[in-house]
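Dear colleague,

I am passing on the structure that I mentioned, and my notes on it follow below. Please look through the model first and then read on.

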Amino acid sequence: MDIISGEQSRHIDTLTEKNGIEVADIIYKAAGAVYDTLAAEFAPLEDKSVCVVCGGGHNGSDGLALAYILNQNNIRVSVIITAEQNKFCAESLYYLQKLK
């Protein structure tokens, strides 16, 4: 397994955006993959409650997107946010708004 550094990850994000791919779309796809894994491993999810803990950066965006997908699929979800909203990246704010 290859592991990339934070700097490499930021470079990939920059290249992605330059090629017209929205970061919010990538986050949604990643969250969808997590949802699919949860649904396969813990079915039926409708009988479960899920708690998602989110910071304000892109990892927090992933969590908020996952919470949004869970909510859209009628799964009971609680979100704990560990960052002030004024420290959220744009994608975190986007998915937070979608959850409201």
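The accessible surface of the protein comes to about 6800 Å², and 51% of that surface belongs to carbon and sulfur atoms. Please keep in mind that this is a predicted model, in which the pLDDT averages 91 and 100% of the residues score at least 70. Confidence is lowest in helix 1, residues 6-18, where the mean is 85, and it is highest in strand 2, residues 76-81, where the mean is 96.

As to the overall layout, the protein has four helices and two strands, and these elements follow one another from the N terminus in the order α-α-β-α-β-α. Taken along the principal axes, the box that the C-alpha atoms fill is roughly 40 × 35 × 25 Å. The protein has 100 residues, of which 29% count as buried. Among the contacts with a separation of 6 or more, 74% are accounted for by residues that lie 24 or more positions apart. On the side of charge, there are 8 positive and 13 negative charges, and their mean positions are 6 Å apart.

The interior deserves some attention. The largest nonpolar core holds 20 residues, and those that touch the most other members are Tyr-35, Val-52, Leu-64, Leu-66, Leu-70, Ile-75 and Tyr-95. Two or more residues of this core come from each of helix 2 (23-41), strand 1 (49-54), helix 3 (58-72) and helix 4 (90-99), with helix 3 giving the most, namely seven residues. If you would like one residue to start from, Leu-70 touches Tyr-35, Leu-45, Val-50, Val-52, Ile-75 and Val-77, when residues up to four places away in sequence are not counted.

I also looked at a glycine outside the helices and strands, Gly-55, which lies in the loop between strand 1 and helix 3. Is Gly-55 buried, exposed or partly exposed? With a relative accessible area of 25%, Gly-55 is partly exposed, because a residue counts as buried when that value is under 20% and as exposed when it is over 50%. Leaving aside residues up to four places away in sequence, Gly-55 touches Gly-60, Thr-82, Ala-83, Phe-88 and Ser-92. Gly-55 and Ile-80 are 25 residues apart in sequence, while their C-alpha atoms are 8.6 Å apart in space.

With best wishes

Technical notes. Residues numbered from 1 in each chain as written. Predicted model: local features only at pLDDT ≥ 70, side-chain atom pairs only at ≥ 80, totals over all residues. Heavy atoms only, no water. Buried < 20%, exposed > 50% of the residue type's maximum accessible area, 1.4 Å probe, protein only. Contact = heavy atoms within 4.5 Å. Areas by Shrake-Rupley, 256 points an atom, 1.4 Å probe, with all protein chains shown as cover. Lys, Arg positive; Asp, Glu negative; His and termini not counted. Charge placed at Lys NZ, Arg CZ, Asp CG, Glu CD. Core = buried A, V, L, I, M, F, W, Y, C linked by side-chain atoms within 4.5 Å. pLDDT = per-residue confidence, 0-100.
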